[in-house]
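Reader: I am new to this structure and would like a close look at one part of it. Please take me through the second pocket and what surrounds it, and then go on to the rest.

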Amino acid sequence: MARKMNESEFKNKLKEKIQEKLGNDKYEVKRDENLIYKVVINENLQFDPNNPQNPRRGSYAFQTDLLIIRKDNQLPLVVLETKYGGFSTHDVLTYSTKAQKHKEIYPYLRYGLVVGGINVIQNRFFTHNIGFDFAFALKEIDDNLLNELVEIIREQIENAESILDILKNKNQTRSFNTQIIIKKTK
């Protein structure tokens, strides 16, 4: 019987496997990176924090579990918050709000919850979620489930890149539609 992982081990293994499956050319998976959630104009009419490329916890930044960035410019694209063995209503409320705060600064950012050691995402996620774009239950770290998760991550990267393109090029988009895809356990 395999030894049960703790949350830190799960996060490390997940980081390693996602990076392996994404490849190393364009995107990088980072662990425990800080992202700004607020920018303040101080009394000298300067931005605080004044160095957004080096955010620190306690200085308007939250730490993320796993962060997928574009290698060429270090731009954050997808955040994965991880839990192992389940999650509580408090977890969903807290991390979902955290996702919203980050999206105020990075409007293209995609945010997901990956829960290891369980088969399904419990209903409390759907009842209390306001900021997550996706969630995934990963009973074990096996290639079939990982391939499914990485495909979702690739789609979320593509979504982030599309929104970035709209913002950068002042695209005059005719429509926008979010599609919900639910896969039930067998």
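Author: The residues lining the second largest pocket fall into 10 nonpolar, five polar and two charged. This is a predicted model, and the values below are computed from it. The lining of this second largest pocket counts 17 residues, and nearest its centre are Pro-52, Gln-53, Gln-74, Pro-76 and Tyr-106. Two elements each give two or more residues to that lining: strand S2 (34-36) and strand S6 (66-70). Of the elements, S2 gives the most, with three residues. The volume of the second largest pocket is about 450 Å³.

Tyr-106, one of the residues nearest the centre of that pocket, also leads to the aromatic rings. A pair of aromatic rings is described by the distance of the centres and the angle of the planes. The structure holds seven aromatic pairs. In one of them, the ring centres of Tyr-106 and Tyr-108 are 6.3 Å apart and the planes stand at 80°, so this pair is edge-to-face; the cut-off for that class is an angle over 60 degrees. Tyr-106 and Tyr-108 are both buried.

Another pair is made by Phe-125 and Phe-132, with 5.7 Å from centre to centre and 35° between the planes, and it is tilted. Phe-125 and Phe-132 are both buried as well. These two rings belong to a cluster: ring pairs link Phe-125 and Phe-132 with Tyr-111 and Phe-126. A further ring, that of Phe-87, has a charge over it: the charged end of Arg-124 sits there, 5.7 Å from the ring centre.

Helix H3 (123-128) leads on to the largest pocket, since it is among the elements that give two or more residues to the lining. That pocket holds about 1,500 Å³ of space. Its lining has 37 residues, and those closest to the centre are Phe-134, Ala-135, Ile-152, Ile-181 and Ile-182. Besides H3, strand S9 (134-138) and helix H4 (143-169) give two or more residues to this lining. H4 supplies the largest share, 10 residues. By class, the lining of the largest pocket divides into 18 nonpolar, 10 polar and nine charged residues.

Technical notes: Residues are numbered from 1 along each chain as its sequence is written. This is a predicted model: local features need pLDDT of at least 70, side-chain atom pairs count only at pLDDT 80 or more; totals for chains, interfaces and linings use all residues. Side-chain values use heavy atoms; hydrogens and water are left out. On a 1 Å grid over the protein atoms alone, a cavity is a set of points where a 1.4 Å probe fits but cannot get out, and a pocket is an open set with protein on both sides within 12 Å along at least five of seven lines; lining residues have an atom within 4 Å of a point. Grid points are joined across faces, edges and corners, and a volume is the space filled by probe spheres set on the points. Helices (H or I, at least four residues) and strands (E, at least two) are DSSP runs, numbered from the N terminus. Ala, Val, Leu, Ile, Met, Phe, Trp, Tyr, Cys and Pro count as nonpolar, Asp, Glu, Lys and Arg as charged, and the others, Gly among them, as polar. Rings of Phe, Tyr and Trp (its six-membered ring) pair if their centres lie within 6.5 Å; planes under 30 degrees apart count as stacked, over 60 as edge-to-face and the rest as tilted. Buried means under 20% relative accessible area, exposed over 50%, partly exposed in between (1.4 Å probe, protein chains only). A charge sits over a ring if NZ of Lys or CZ of Arg is within 6 Å of the ring centre and within 35 degrees of the ring normal.
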